[in-house]
Amino acid sequence: MSILSTESLGHKYHDRWLFNDLFLGIEKGERIALVGINGTGKSTLLKILAEVLAPSVGKVVKERFLKLGYLQQDPDFTGQTTIADFIYSADNQQQQAVRKYEELLEQTHPDENLLSQLTDELSELNAWEYEYEIKTILSRLGITDLNQSINSLSGGQRKRLALAKLLIDEPDVYILDEPTNHLDIETIEWLESFLTTGQKTIVLVTHDRYFLDNVCQNIIELEHGKLFSYKGNYSYFLEKKDERLMAENAEYSKNSNLLRRELEWMRRQPKARSTKSKSRIGAFYDLEEKVQGKRTQDQLELSVRVSRQGNKILELEHLTKSFNDRIIISDFSYTFKKGDRIGISGKNGTGKSTLLNIITGALQADQGRVNVGETTVFGYYKQGGLDAGEDERVIDVVKNVAEYITMADNKMLTASQLLTHFLFPPQKQHDKVSKLSGGEKKRLQLMRILMRNPNFLILDEPTNDLDIDTLNVLEDFLLKFNGILLLISHDRYLIDRLTEQLFIIEEKGHIRIYIGNYTDYRMEQEEKKQLAKDSLSSITKPQSPIKKKASFNEQKEYASVAKEIEEVEERLKALALQLNSDAQNHDELNNIAKKIKELNIELEQKTNRWIELAELIES
């Protein structure tokens, strides 16, 4: 039974229908991925499901009291001042108790009475496990200073903060738009585990194919305004989609042949039509509409020319860089060779983008040198996004780089022709940049970089906001690219497919050069962890006790403990007699009872020690 569904849902944007008459049902415990090319309306559909956007037609139906949690691509923090204000909801009693407790612990000399009160309150609210869960989520997402102003956060930090809040709130339905953006690979693997623990209901959009495979059980494709559902993970979806397209193409080919015959018949017919002919004419127009409606999906073409590359490409000599006394890069040297395909790996904030900025001259190293070969032409795809005004026309953004571009086959293309190759049809080329989706802006940014015919490509998180179809084309292009490739990406599939070695940024700015891809590296790390665990297990494993003889001092102690036991027993007898006497008052009787209790504890301790010594002597 569906807990969230749509009925005859439709939405248009700038007078263009994204989709219409959609029916979608989401059952409790389902984990659904929504896929499709950029601009089809995936993010719009998520907004409608999350009740952030009202549909043009139709409606969303949800179970009563259903709690929705929505992570958007660009989170809105209007009205929020600090991280703590955003994380801890004012109307959530458990969260407010946790906030007071955490803030009190941060004080140098916390009020003991207040601390005791809050401890009792957390116990009453059964909030201790929740407090631990909040700490874990914040820590995993790199959120440490709860008093930090939200306005001071970068785009990536804001996205992680919004994700942390959603996970802490534990909604009934998780609606996630690109949840892996701005996360390092270790955090993505933790998020996979978090989302697949328990019966969570999830609807998400992501380009991360490993994430899709590991998290989702149902893939729904939005294509040409229609939904196609596949019960299985992403690998199953690819297999079944291929089967569907083959069947559709066979039908399309059959209809096309029939249409040609019917068209020929139409041309031969005289103007006077019989009733039978008119019926056939009506069938012709129906068939024509069907064939025109089913066109082969346009494919992005990446085939730009690569500039000639000399023997000297790029040399990094003893690079060192620090920020505020924190070492980011420490004495790193490397000479790039033809054919190098290198991935850069490390946690967020370790200095991956800093290294790229030093290489391209956007940032100066504190020490060391960067020697760039005369023929080296950089193509630098930055995280920051498209460097163009929102009011600029798409065609002008391209013409600002060049009016013409030379392709791999030496053909010259105009800016308009090149845009068409990159799936920007003529009508869209005169739109303003503000009308483009996030993925379309990224595609335009990539196009501008490739127009310069680089032979040294530097890609900093190129997969953010790109649809999977575009990613597949980009991967094919990069596999054939015969220049140097330097790649930062949290997309494990992309890193695995495109790189042959890694620069791993470790603690204190040390950069380790690893031969192999990311999966090779992770397998090596897991093997090391297992070896360390096995080693620790063998050390801590209880060993069979080695029997030893009692020493001279232990023999003396054995004799003295025996005498001490006798003395304690005598004292206990004397106190027992006093206790049974009628001469003592109430206070005296209480004192005697207290002494008896203490002597019994002492007697037990001495007896245990006597037994240990006896075993040693008798062995």
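**Exercise 1. In the hairpin of strand 1 and strand 2, state which residue takes a positive phi and how many residues lie between the strands.**

Solution. In this predicted model, the hairpin of strand 1 and strand 2 has two residues between the strands. Histidine 14 takes a positive phi near 55° there. Next, take the pairing itself: strand 1 covers residues 2-13 and strand 2 covers residues 16-27, and they pair in the antiparallel sense over eight bridges. As one register point, threonine 6 stands opposite leucine 24 of strand 2. Strand 1 also pairs with strand 4 (residues 57-62), in the antiparallel sense and over five bridges. Here leucine 4 has lysine 62 of strand 4 as its bridge partner.

**Exercise 2. Determine how helix 3 and helix 4 are oriented to each other.**

Solution. Start with the geometry: helix 3 (residues 93-105) and helix 4 (residues 112-124) pack at an angle of about 150°, their axes being 10 Å apart. Then apply the cut-off: angles over 145 degrees count as roughly antiparallel. The two helices are therefore roughly antiparallel to each other. Their crossing is left-handed. Helix 3 makes the contact through Ala97, Val98, Lys100, Tyr101, Leu104 and Leu105, and helix 4 through Leu114, Leu115, Leu118, Thr119, Glu121 and Leu122.

**Exercise 3. Give the strand order of the open six-stranded sheet, and explain why strand 5 and strand 9 each have one side without a neighbour in it.**

Solution. The order is 5-6-7-3-8-9, and the pairing is mixed. Strand 5 (68-71) and strand 9 (226-231) stand at the edges with a single partner strand each, so one side of each is left without a neighbour in the sheet. Neighbouring strands of the sheet are turned by 15° against each other on average, direction ignored. For strand 5, the pairing with strand 6 (residues 173-177) is in the parallel sense, over four bridges. Within this pairing, glycine 69 has tyrosine 174 of strand 6 as its bridge partner. Helix 6 (residues 155-169) packs on the sheet and touches strand 5 and strand 6. The direction of helix 6 makes about 170° with that of strand 5.

**Exercise 4. Decide whether glutamate 178 is buried or exposed, and list its contacts beyond four places in sequence.**

Solution. First locate the residue: glutamate 178 is in the loop between strand 6 and helix 7 (185-195). Its relative accessibility is 4%, and the limit for buried is under 20%. Glutamate 178 therefore counts as buried. Leaving aside neighbours within four places in sequence, its contacts are Gln73, Lys159, Val205, Thr206, His207 and Asp465. Leucine 71 is 107 residues away in sequence, yet its C-alpha is 8.2 Å from that of glutamate 178.

**Exercise 5. State how many of the residues of helix 7 are buried.**

Solution. Eight of the 11 residues are buried, and helix 7 is thus mostly covered. The buried residues are Ile185, Thr187, Ile188, Trp190, Leu191, Glu192, Phe194 and Leu195. At the start of this helix, a side-chain oxygen of aspartate 184 comes to within 3.3 Å of the backbone nitrogen of glutamate 186.

**Exercise 6. Describe the surroundings of threonine 350.**

Solution. Threonine 350 sits in the loop between strand 12 (341-345) and helix 11 (352-359). With a relative accessible area of 18%, threonine 350 is buried. A polar atom of its side chain lies 2.6 Å from the backbone oxygen of lysine 347. Not counting residues up to four places away in sequence, threonine 350 touches Arg326, Ile328 and Ile505.

Technical notes: Residues are numbered from 1 along each chain as its sequence is written. This is a predicted model: local features need pLDDT of at least 70, side-chain atom pairs count only at pLDDT 80 or more; totals for chains, interfaces and linings use all residues. Side-chain values use heavy atoms; hydrogens and water are left out. Two strands pair if DSSP finds at least two bridges between them. Buried means under 20% relative accessible area, exposed over 50%, partly exposed in between (1.4 Å probe, protein chains only). A polar contact is a pair of N or O atoms within 3.5 Å; within protein, one must be able to donate a hydrogen and the other to accept it, and residues adjacent in sequence count only if both atoms are side-chain atoms. Contact means heavy atoms within 4.5 Å. Axes are lines fitted to C-alpha atoms, for helices over the stretch in contact, and angles run from 0 to 180 degrees between N-to-C directions. Angles under 35 degrees count as roughly parallel, over 145 as roughly antiparallel, 65 to 115 as roughly perpendicular and the rest as oblique. A crossing is left-handed if the near helix is turned anticlockwise from the far one by less than a right angle, and right-handed if clockwise.
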